[in-house]
Amino acid sequence: MEVKLEAIFQDKIDQEIKIEPRDWMPEKYRKTLLRQISQHAHSEIVGMLPEGNWITRAPNLRRKVALLAKVQDEAGHGLYLYSAAETLGMSRDEMLNELHTGKAKYSSIFNYPTLTWADMGAIGWLVDGAAIMNQVPLCRTSYGPYARAMVRVCKEESFHQRQGYEIMLTLANGSPEQKAMAQDALYRWWWPSIMMFGPTDDNSPNSAQSMQWKIKRFSNDELRQKFIDATVPQAEILGLTIPDKDLKWNEQRGHYDFGTIDWTEFHQVVAGNGPCNKQRLKARVDSWENGAWVREAAMAFQNKDKQRQAKTEAA
Ligand code: FAQ
């Protein structure tokens, strides 16, 4: 029976028919999606923190409004993604508990500090740029609720990428101090951004199965290469230097060659030992604890409302 169901399931995937919450699915498909979507949701919510740090220090009103809107968009992305993950049978409270106890992962990139205003430019340009490269294919992922959530997320991410690039462009064409600030931000964010795509294909335990199920459409290395190829010319327009002496156009491959990624750093950050892991997690846990009264008040209101309704119906 299970074998037959599995064959029907794979056939649907092969024919590009979306899998919906009530459809039969292998348990491992459900678990893989739950892992990826909840990690993605946590990344959006934790990802609000590095930029949230600069809202009060934006250099002018236009920049402040754009940054505020961007951070709010990230909260929205987290909410669509938690909703999509909930359709797979785990409650939002359980997912948050996994984040708060360190059981669930979130993207390595959000464990780095934002030291200057130029970091707002570098995050928009590089981090959102990498996110778009990874997420546009997710609009065609095989699980319906995830694919549909990603359509809006990607539209908003493109705006984020452009606002970041525009900050970089302004700084790169500004005073020598501003240009130096932009360069310093590129130095610090480049390597962590290319690590966002995850381990190399031969070290990516989930890729083969996720590709077969069309959860992922491109491998980690393919997306990383696409990102580098798209971003190098943008750095040239800015007149800024990417901190990789091995970065070079390879005519034969039709791609940029690049240097060796420091995977020890990546694994350290993912293991909780990055520069800001403890601070990020503490901010989320504090926020959950400080918001307890809001949840309790909402529940008390709902119970009162139910009692009132029951009384009216009984009368
Ligand atoms: N950080 O076998 P794979 C954003 C883990 S963008 C931490 O290759 P998979 C927007 C991976 O989970 C950022 N952990 O795994 C924004 C797995 O561990 P597990 C979020 C990482 O899933 C911008 C292990 O390594 N985007 O939020 C990372 O097939 C600006 C082995 O790896 C998404 O989540 C990492 N970078 O491929 C917000 C996109 N990479 O769970 C605010 C959706 C890998 O087995 C400001 N996710 N790991 O214990 C994906 O596309 C995939 O999950 C990958 C990883 C590509 C991230």
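Tyr-256 has a relative accessibility of 12% in this predicted model, and because buried means under 20% relative accessible area, Tyr-256 counts as buried. Its ring partner, Trp-249, has a relative accessible area of 40% and is therefore partly exposed, since that class lies between the under 20% of buried residues and the over 50% of exposed ones.

A search of the whole structure finds eleven aromatic pairs, and among them is one formed by Phe-9 and Tyr-29, which meet edge-to-face with 4.8 Å from centre to centre and 75° between the planes. This pair links distant parts of the chain, for Phe-9 belongs to helix H1 (residues 2-14) and Tyr-29 to helix H2 (residues 27-46), with the two residues 20 residues apart. Phe-9 and Tyr-29 are both buried. Turning back to Trp-249 and Tyr-256, their ring centres are 5.0 Å apart and their planes stand at 75°; because planes over 60 degrees apart count as edge-to-face, the pair of Trp-249 and Tyr-256 is edge-to-face.

The contacts of Phe-9 and Tyr-29 can also be followed beyond the pair itself, as ring pairs join these two residues with Trp-24 and Trp-213 in a cluster.

Aromatic rings in this model also have charged side chains placed over them, and two tryptophans serve as examples. Over the face of Trp-54 lies Arg-57, at 4.1 Å from the ring centre, while the face of Trp-288 has Arg-295 lying over it, at 3.5 Å from the ring centre.

Notes
Residues are numbered from 1 along each chain as its sequence is written. This is a predicted model: local features need pLDDT of at least 70, side-chain atom pairs count only at pLDDT 80 or more; totals for chains, interfaces and linings use all residues. Side-chain values use heavy atoms; hydrogens and water are left out. Rings of Phe, Tyr and Trp (its six-membered ring) pair if their centres lie within 6.5 Å; planes under 30 degrees apart count as stacked, over 60 as edge-to-face and the rest as tilted. Helices (H or I, at least four residues) and strands (E, at least two) are DSSP runs, numbered from the N terminus. Buried means under 20% relative accessible area, exposed over 50%, partly exposed in between (1.4 Å probe, protein chains only). A charge sits over a ring if NZ of Lys or CZ of Arg is within 6 Å of the ring centre and within 35 degrees of the ring normal.
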